Structure formats: C-alpha cells, structure tokens
Amino acid sequence: MHTSTPTINLLPSAINNLEYLQLHHASIKWCKSNGNYITLFCEVLPNKVIRIALTELLQHLPNTAFIRIHKSYIVNVNYIKNIRATTLTIDGKKIPIGRVYQKATHKYLNPAPSH
C-alpha cells in the first residue's frame, strides 16, 4: 500500500503567476503575513513568499498540525520548542502570541487532562 505525504498547492506571486508551488505540509515551520503576502518558513526549502490571505492559507493546512497564534502568524505545532504566556519559540525565533489568540493557543497546546 502506498501512502503519500499531504501536500499543499499554492500560487506564488513572487515567482511567477502561472507557476504553482507544491509543498509538504510537514515541511512548513511557520508562516508570517504582511498584508496579502505570506512568507513560508520551511524546513528544507528557502523561505517562499506567496500572495494569499492568512485565513485562506489556514484552510489549506491540516488543523491537527497548524494553529493561528496571531493576526500575522500561523505555526506548525510540531516545531514548537518552547511556549510562554505571550511568545513561543521555533528554531530559536521568538514568535508573538496575539492577545486575542492566547487563551485558545494555550488550550490547544496544553489540553486539560481527561478523567
């Protein structure tokens, strides 16, 4: 039985409007938005800039691995090394957790024990 790694197909405006960028979900560490442009910070590839809204990008990513933690950031929870009240760390980079997202982020990353 052959299983493939889930991929995401995105249209990168910074490269060519007709060229699709195909990435494995697992290779994306975090995403940072700057208006309608998003920089994808990836495990293997150089950072990629694409034109897509952060909300739309989140719809293409599995909610079991990715969480929005700020109006400008989505992170892959598998790469989080440290979490504090207002920041988390991936690859030595401190990423802010927005005030609006703090409660949901901490609840998702530290679920209550089940009885």
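**Exercise 1. Strand pairing in the open sheet**

In which sense, and over how many bridges, do strand 9 and strand 10 pair?

*Solution.* The structure is a predicted model.

Step 1. Strand 9 and strand 10 pair in the antiparallel sense, over four bridges.

Step 2. For one bridge within this pairing, consider T89: its partner in strand 10 is K94.

Step 3. The pairing belongs to an open sheet of three strands, arranged in the order 8-9-10, with antiparallel pairing. Strand 8 (82–83) and strand 10 stand at the edges, and each has a single partner strand, so one side of each is left without a neighbour in the sheet.

Step 4. As background, strands of a sheet pair through backbone hydrogen bonds, either parallel or antiparallel.

**Exercise 2. The overall layout**

State how many helices and strands the protein has, and give their order along the chain.

*Solution.* Step 1. The protein contains two helices and ten strands.

Step 2. Read from the N terminus, the elements follow the pattern β-β-β-β-β-α-β-β-β-β-β-α.

Step 3. Two overall values complete the description. Of the 115 residues in the protein, 37% are buried. Among contacts between residues at least 6 apart in sequence, 35% join residues at least 24 apart.

**Exercise 3. The surroundings of R68**

Determine where R68 lies, and establish which partners its side chain has.

*Solution.* Step 1. R68 is found in strand 6 (residues 66–70). Five of the five residues of strand 6 are buried.

Step 2. Strand 6 pairs with strand 7 (residues 73–76) in the antiparallel sense over four bridges. The two strands form a hairpin with two residues between them, and R68 stands opposite I74 in strand 7.

Step 3. Next, test R68 for a charged partner. The cut-off for a salt bridge is 4 Å between a side-chain nitrogen of Lys or Arg and a carboxyl oxygen of Asp or Glu. The nearest side chain of opposite charge is that of E56, which is 11 Å away; R68 is buried yet has no salt bridge.

Step 4. Polar partners are present instead. The side chains of R68 and T55 are joined by a polar contact of 3.2 Å, and the side chain of R68 also reaches the backbone oxygen of H70 at 3.2 Å.

Step 5. Finally, collect the contacts of R68, leaving aside neighbours within four places in sequence: these are L54, T55, L58, Y73, I74, Y101 and T105.

**Exercise 4. Salt bridges in the whole structure**

How many salt bridges does a search of the whole structure find, and which side chains meet in a salt bridge?

*Solution.* Step 1. The search finds one salt bridge. The side chains of K29 and D91 meet in it, with a distance of 2.2 Å from N to O.

Step 2. This pair links distant parts of the chain, 62 residues apart: K29 is in strand 3 (residues 28–34), while D91 is in the loop between strand 9 (87–90) and strand 10 (93–96).

Step 3. The exposure of each residue follows from its relative accessible area. K29, at 12%, is buried because the limit for that class is under 20%. D91, at 46%, is partly exposed because its value falls between 20% and 50%.

**Exercise 5. The nonpolar cores**

Identify the residues that touch the most other members of the largest nonpolar core, and the elements that supply this core.

*Solution.* Step 1. The largest nonpolar core has 14 residues, of which I28, C31, I38, L40, L57 and I74 touch the most other members.

Step 2. Strand 3, strand 4 (37–42) and helix 1 (54–60) each give two or more residues to this core. Strand 4 gives the most, with three residues.

Step 3. A second, separate core has 13 residues, including I69, V75, I80 and L88.

**Exercise 6. The side chain of Y108**

Which backbone oxygens lie by a polar atom of the side chain of Y108?

*Solution.* Step 1. Y108 has its place in helix 2 (residues 102–109). Its relative accessible area is 34%, and Y108 is therefore partly exposed.

Step 2. A polar atom of the Y108 side chain lies 3.1 Å from the backbone oxygen of N63 and 2.9 Å from the backbone oxygen of T64.

Step 3. Y108 and T64 are 44 residues apart in sequence, and 9.9 Å apart in space from C-alpha to C-alpha.

Step 4. Not counting residues up to four places away in sequence, Y108 touches N63, T64, A65, I67 and V77.

Definitions and conventions: Residues numbered from 1 in each chain as written. Predicted model: local features only at pLDDT ≥ 70, side-chain atom pairs only at ≥ 80, totals over all residues. Heavy atoms only, no water. Buried < 20%, exposed > 50% of the residue type's maximum accessible area, 1.4 Å probe, protein only. Lys, Arg positive; Asp, Glu negative; His and termini not counted. Polar contact = N/O pair within 3.5 Å; in protein donor to acceptor, adjacent residues only side chain to side chain. Contact = heavy atoms within 4.5 Å. Pairing = 2+ DSSP bridges. Core = buried A, V, L, I, M, F, W, Y, C linked by side-chain atoms within 4.5 Å.
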